[in-house]
Amino acid sequence: MKVHELPIPQQLKEVTLSGGIAELYPPQEEAVNAGVLDFKNLVLASPTASGKTLIAELTGLKHVLERNGKVIYLSPLRALASEKFDEFKKYTNLLKKNGRNVTVGISTGDYDQADPWLQRYDIIITTNEKADSLLRHRAKWMDEITLVVADEVHLLNEAERGPTLEIVLARLIQINPDIQILALSATINNVDEIATWLKAQYVITEWRPVNLKEGVLLNDEIQYKDGDARKIDHKTRNPAINIVLNTIKNGGQALVFTSTRKNSVSVAKQIAEQTSEVLSKPVKRTLENEAEHILNTGERTRLSEALANLVRCGTAFHHAGLPGAHRKQIEDLFRGGKIKVLTATPTLAFGVNLPARTVVIQDYRRYEVGYGYYPIAVLEYKQMAGRAGRPKYDKVGEAILIAKTADEADYLMDNYVLAKPERIWSRLAVEKIIRGHVLATVASDFAKTETGVYEFFARTFYAHQYDIKAIRSLIAKILHYLASEDMITTKGDNVNATKLGKRVSELYIDPASAVVIRDSLKNKPINLTDFSILHLIAHTPDMGPAMRPYSNELDQLGVILEEHRDELFIQPPNEWEDHFSYEEFLAEIKTATVLKNWIEETTEDALIEKFHVQPGDLYKTIENAKWLLHATDELAALFTEKEIVRLTSELMERVAKGIKKELLPIVKLEGIGRVRGRIIYNAGYKTIEDIKHAALEELTNLPLIGPRIAKRIKEQVGGFVKKEEWDRLEKGEEWRQKALSEF
Ligand SMILES: Nc1ncnc2c1ncn2[C@@H]1O[C@H](COP(=O)(O)OP(=O)(O)OP(=O)(O)O)[C@@H](O)[C@H]1O
Ligand SMILES: [Mg+2]
């Protein structure tokens, strides 16, 4: 099917053609035949790299251009949302709607906002969680949505994120009964079941634009699914590395999936020496600069140093312990062909387009605390394998599993390479997960009666798959709990949210977290300090288990606990009677202690050393802490607890920046974080007024403050920058940069 024959606006045809796409791929053609461009609901299930996004783009833009419609694009991950945003952004200057450009917006953060500014966009990209929180705020523009795209819809199967997605879809259908639904999925076993739930047609294909050769390596020989076999040079003792070396020798790039972060770093280190040999001089020079850039974004840590050293050699690792900026930089470098080999944890398995000719899946098993080793799902294997052979980059791709014995090789061939992905199941009926959704249903007026609540949940994938009766008693139990905690009131069949219930729902916290906070506020410790609040939020179920202590840390944490005992809102369980709970409690103490160290300006590297916490986890904990401090602040305000509000409002700012109180005034300046803030402060500029009186050159003489930053500071404080002075400084900087790059 040719693009110029499609039932889409002329300008959209032209833009698609000029983007180099003249003909649809077969799965895309089937989607069109199934009526997706005639606004029919569709579940499109087709292999990785088969071009599902283009269908979403064409359908979405048709809504905007022809129907005055509004599109919401749901993505399971922030990184993927930003890739999709970039893809849609390409269209904005090229397409005109009533004489103006088509607009695209993205919103993935801050769950306590209605984001009315999103109203102005035609296409809005969000994560599932953000969409859920927007629905709770009853953002007005959501009533105008005419198309919802649910990307990677097989994630319904995921314990944490799946339920949010099904709730969001059910609510969008509830508020806009005429909405078109386009769900994009990997090939899974029960596509039809998702389709009947969504009242959609479905398309299932096995077609892929680039041949993906899947195989298993045993003793230096790869056995492929199609019967081919190939020998690999035995250069090192690690078979994964041998495959990778073979690929780069032939001019390709490789992606190695490892099961743990630690392995991703160690494998990258083993590969790096060899990749270095294939790099050209100019690429080496670029990588040198990129390595410097890594060291200069954020604080310098052991992890960033390790990464920079590898990048110099054309190799890198990618995992959730890295700061987001570094991850993005690495993805871009790999995409640009500068980095030849990337080792990654499965965070990179979904949806992304990367130029990997070869994907190696080093370990088909995963370890979980308290559970041991278990084999990964076929679906996950297929997603990882599918990062190889993407149409823009390669003509063929290969995905290789590693076997140690002949037996294992057979097992891998049968159970992964030749296997069909499993069915997916709704994960909604878990009390902790569904609690907040039941409250939100009442609090945001999606239902005004108990019957209405049941009716809403009858529209979920869970009810479709299992029958509503299966969760009825769970919902009844939760309604009872919410009533007993004063979040809702019931009268006959009527249900209403109280002021507390409404606020809790909008704050996007688990009602159980709100109960912990509210009850604590009534029962203050003898000695109320920052640590009291930090531990309180660490104690809520929403903080999550990011900061598991290692066994050799427990004694030290026990000591810290004793030091702070009279500051705690919640008293610890008895160490001898309930050892398990006691250790859980020490994990909370660890979280609180890390946060406390963070706001005492302990360096990131020292935090890594002291608590074995990596930057990525630290940032995640900080994000969670900011959100829960905001929730505590709001709840304290609701109960007019002034003393608490005073503490929380200051803590929110300090945790956000990682600073002592004295830096609060100067970090308000843009471009000034904890490190530069401390340098400026220690140089004697303690207030905005002090900075106003500083000469530009005095600021530039401080470490880490170049002319550009100094100028930005001066402009923000309302200081005047003399032209001659600026020219002189800028010249100096140019000269310095040049000298550095030549060096
Ligand atoms: N008709 C086409 N002609 C040429 N290239 C195309 C066509 N359709 C899509 N592509 C290209 O194919 C690549 C892969 O597409 P896309 O990211 O949509 O895959 P996907 O099906 O969503 O895979 P995944 O399941 O991995 O998310 C993109 O780079 C896209 O530009
Ligand atoms: Mg995709």
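Two residues are in contact here when heavy atoms of theirs lie within 4.5 Å. Everything shown below comes from a predicted model.

**View 1. E380 and its contacts.** Leaving aside residues up to four places away in sequence, E380 touches P346 and R366. E380 itself sits in helix α13, which covers residues 378–385. If you look for Y619 from here, count 239 residues along the sequence from E380 and 26 Å through space, C-alpha to C-alpha. Y619 turns up again in View 3, on the α25 side of a helix pair.

**View 2. Ligand 1 and the residues around it.** This one is a busy spot: 20 residues surround ligand 1, and the closest are E23, Q28, A49, T53 and R390. Start with T53, where a polar side-chain atom lies 2.6 Å from an oxygen atom of the ligand. Then turn to the nitrogen side of things. The side chain of Q28 has an N or O atom 2.9 Å from a nitrogen atom of ligand 1. For Y25, too, a side-chain N or O atom is 2.9 Å from a nitrogen atom of ligand 1.

**View 3. Helices α24 and α25 where they cross.** Here residues 604–611 make up α24 and residues 615–638 make up α25; the two axes come within 10 Å and cross at roughly 100°. Angles of 65 to 115 degrees count as roughly perpendicular, so that is the label for α24 against α25. On the α24 side, the contact uses E604, L607 and I608, and α25 brings P615, L618 and Y619. Sorted by class, that gives five nonpolar residues, no polar ones and one charged.

**View 4. Helices α10 and α11 side by side.** Helix α10 (residues 281–296) packs against helix α11 (residues 302–312) at an angle of about 170°, and their axes are 8 Å apart. Anything over 145 degrees counts as roughly antiparallel, which is why α10 and α11 get that description. From α10 come L287, E288, E290, A291, E292, I294 and L295, and they meet S304, E305, L307, A308, V311 and R312 in α11. The tally for this contact is seven nonpolar, one polar and five charged residues.

**View 5. Helices α21 and α23 at a slant.** With their axes 8 Å apart, α21 (residues 530–539) and α23 (residues 579–599) pack at about 130°. That angle falls outside the parallel, antiparallel and perpendicular ranges, so the pair is called oblique. As for handedness, the crossing of α21 and α23 is right-handed. The α21 residues to pick out are D530, F531, L534, H535, I537, A538 and H539; across from them in α23 are F585, E588, I589, T591, A592, T593, L595, K596 and I599. By class, this contact has nine nonpolar, four polar and three charged residues.

Notes:
Residues numbered from 1 in each chain as written. Chains lettered and ligands numbered in written order. Predicted model: local features only at pLDDT ≥ 70, side-chain atom pairs only at ≥ 80, totals over all residues. Heavy atoms only, no water. Axes fitted to C-alpha atoms, helices over the stretch in contact; angles between N-to-C directions. Helix = DSSP H or I, 4+ residues; strand = E, 2+ residues; numbered from the N terminus. Parallel < 35°, antiparallel > 145°, perpendicular 65-115°, else oblique. Left-handed = near helix turned anticlockwise from the far one by under 90°. Nonpolar A, V, L, I, M, F, W, Y, C, P; charged D, E, K, R; others polar. Near = heavy atom within 4 Å. Polar contact = N/O pair within 3.5 Å; in protein donor to acceptor, adjacent residues only side chain to side chain.
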